[in-house]
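Please explain this structure to a reader who has not met it before, going through it in connected paragraphs.

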Amino acid sequence: MLCLQSTATGTRICLAAEGFGNRHCFLENIADKNFPPEMASCVFVIEQALSVRALQEMVTAESLGTSETSSTGKSSGGSRTLLYGHAVLLRHGHSKMYLACLSSSGTSSDKLAFDVGLQEHSKGETCWWTVHPASKQRSEGEKVRVGDEIILVSVATERYLHTAKEGEKSIVDASFKLTHWSVAPFGTGLSRTKNVGFVFGGDVLRFYHGGDECLTVPANWSDVPGQNMVIYEGGAVMSQARSLWRLDLIRTKWAGGFINWGYPVRIHHITTGRYFGINENHEIILVARESATVAETAFCLRQNKDDKKIVLDEKEEEVIGSPLIKYGDTSFFLQHMETSYWLSYKSFETKKRGVGRVEEKQAILSEEGKMDDGLEFSRSQEEEAKTARVIRKCGTLFNKFVRVLDSLHERHAHLQRQNSRRSYNSGGGGGSSLNIHTGSAPQAGARMSQSDQEEMVMCLEDLIAYFAQPEEDIDHEEKQNKLKALRNRQDLFQEEGILNLILETIDKINLITTQGLLSILLGGESSSTWESINSYLYQLLAAIIKGNHTNCAQFAQAHRLDWLFSRLSSQATGEGSGMLDVLQCVLTDSPEALNMMKENHIKVIISLLEKHGRDPKVLDVLCSLCVGNGVAVRSSQNNICDHLLPERSLLLQTRLVDHVTSMRPNIYVGKVEGSAMYRRWYYELTLDHIETVTHLEPQFRVGWANTSGYVPYPGGGLNWGGNGVGDDLFSYGFDGSDFWTSGRNNQVRTVPEGQPFLQKNDVIGCILDLNIPLITFTVNGIPVRGCFKNFNTDGMFYPVISFSAKYSCRFLFGGDHGR
């Protein structure tokens, strides 16, 4: 784990990347200790190192499709030691993407340069860089050491990884100009693997106090004085994103090393991006990054409260440290380094909605503190930490976007007031219309440049992919794990208010569009990216609420539903598709919203058939209105029929399903204490005729049923109620391929693809042994793999078959038997 540092721009900088929304690399200033660098975004992991010849062989094999690579394209070979002259694959620590030479060239004025950024896969040569010594004291083939100055060359483009200052901004590109990079250590994978459970720099964690509460910010936190505070809170917040913090060592060398006693650290709040600091009243507040000086935000961990200051040797900052502080095991006190005050708390009373007056604890600094000021660390889950970072990115981007829209709207309102005053002073009786394009030019902050729009589009695309539903064809257990992770992401976004922020953004966009201010916002240019932003916002809203009852239930309110349908009725063709997705998610996952549907709501949906044509999504929404949780919603069905069918030549297609019938002979066998009745029984069934007469495959099962509870009703076929034998707990059936009981199947016999499970003249044998107990089957005298065992033997058993139309079969019990 390393950072690439340089001084080519005149100050000490570090190569950094974000990976979510923005794929391009940028530079992080690490020279000023009073401006905390985002070291977590500067970390790259050496994924693989190969000789150039081995790399060429691997790329050739990949192109021919003969290499043994993983899903990311990474080969299993490689060197454990990085040597000069080798090609290296660098993976970004946060995003898990690869440092690559991109095909675009928009950030630099050099026409021969390429952009440098992150790529999701490592196939081909674009992600590989050869390492060369920048000093004459090193030569090709030697080991690359910590602190060495190196030159990185892109294998694909043969250009140097270069940085320079162009005007006021610094750029990173792949150019023919040379830049020396210094290899700075961040941490090692080996130390983290060997010392699982110990606290490292850059870890995302929670501060637990007393085991039942943690350090967090209030739900209504803002940077306004009086609301900018840090509190101790228990309950649901202990699993929410606003209680997550990151522990950053102030040093930049070995910043990912062990956290030890007395080491100066900054405590970074994940979702706000601010730092744990103090104000003039010694109260704990969150400080903005540009104000996070060492004096205000430097803290250290202490084993006990004493007045002795820990003096660190300079050599201690040059090493990775020792594993001393453990998650959930080591108690510590937090001391502010500048004042030597201790983190403590003061109690105060506040009113909470729906609860009344409650006592809360506000975090403060105290000269002596309290006896119970001790804290413990609790590690956050990796998925949880990533979602919190995404929340911060989205919150920043959406808030910036809303501010731009607000400033434009305020300027429009100001110009309208000026115009009305002029009309009044000139004696005009009627109000004159205002041309917003005349008059003074709008402020620069009220415009969205093309780069801002592109960043917004990329962020929305990544968000939609982040909330995508798992694939249907994956393993059941894997799918359930992915669904659980997705629900957690959706819940965290809703708890942090991002869902409401998206709704606010949609409202602001509609306001700007209806007022005709769009051309000013875009600087007088029409842009296709704006249409993408508008469409993606609805798709993102649908992705965040899909399958999540809690999020969908937010729309089960009269004003929310009215808002939803007002947006739906006023939208253009391209935007309507995303809003229909939102509506279908609400109707599918929120029965409360389904029961609140009114006649005018249904009229709006039916009107979309005339506006957009017979769009399948509109018909899907109409279907969702008709049934909720498997129960018919009669009011919606009647409204749809009343307003859709009259005076329209619209064909409503229904799907017929085969009726399944169950039949049995008048024979009962059982296990009765003291009875001489046989306990082992066998019968056969032969198929005389099979014919397919509908669009569905014929239904057939044979087996044993029990009088204790078998009721083959209503007989509607697969997924349409009872399907006969094997659909409940009291029957055991076989269909020629699978065993059936309790409505679940288990394949026990392999049948060639395209052939029916059973064919004409096949003989199925059914065996019941009540001694074990056991049920098994044969097909044409060949035993079927598997059996039913250890089932309940209460009641009487009898043979039974369940079949659809055009099946003809006979029970064989011995002797002559008819159909």
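The model shown here is predicted, and a loop makes a convenient place to enter it. E697 lies in the loop that runs between strand β29, residues 680–690, and strand β30, residues 700–706. Is this residue buried or exposed? E697 has a relative accessible area of 62%, and because residues count as exposed when this value is over 50%, E697 is classed as exposed. Along the chain E697 and P756 are 59 residues apart, yet in space their C-alpha atoms are separated by 8.9 Å.

From this loop we can turn to a helix. Helix α7 covers residues 498–514, which makes 17 residues, and from its first C-alpha to its last it reaches 24 Å, close to the 24 Å expected at 1.5 Å a residue. Its buried residues are I498, L499, L501, I502, L503, T505, I506, I509, N510 and I512. In reading such a list it helps to remember that an α-helix has 3.6 residues a turn, so residues three or four places apart point the same way. Within α7, I502, I506 and I509 are among the residues that are buried.

The next stop is a group of paired strands. Strand β9, made of residues 149–154, is mostly covered, since five of its six residues are buried. Which strands does β9 pair with? One partner is strand β8, residues 128–133, which pairs with β9 in the antiparallel sense over five bridges; here H132 stands opposite I151 of β9. Another is strand β12, residues 181–185, and this pairing with β9 is also antiparallel, over two bridges, with W181 of β12 as the bridge partner of I150.

Finally, there are the enclosed spaces. How many cavities of 30 Å³ or more does a search of the whole structure find? The search finds three, and the largest cavity has a volume of about 140 Å³. Its lining is made by 16 residues, and those nearest its centre are P37, M39, D248, L249 and R251. Strand β16, residues 245–249, gives the most to this lining, contributing three residues. By character, the lining of the largest cavity divides into ten nonpolar, three polar and three charged residues. The lining also draws on two domains, taking at least three residues from each of domain 1 (2–63 + 80–186) and domain 2 (190–380).

Terms used:
Residues numbered from 1 in each chain as written. Predicted model: local features only at pLDDT ≥ 70, side-chain atom pairs only at ≥ 80, totals over all residues. Heavy atoms only, no water. Helix = DSSP H or I, 4+ residues; strand = E, 2+ residues; numbered from the N terminus. Expected span 1.5 Å × (residues − 1). Buried < 20%, exposed > 50% of the residue type's maximum accessible area, 1.4 Å probe, protein only. Pairing = 2+ DSSP bridges. 1 Å grid on protein atoms, 1.4 Å probe; cavity = no way out; pocket = protein on both sides within 12 Å on 5 of 7 lines; lining within 4 Å. Points joined across faces, edges and corners; volume = space filled by probe spheres on them. Nonpolar A, V, L, I, M, F, W, Y, C, P; charged D, E, K, R; others polar. Domains from an automatic or database assignment.
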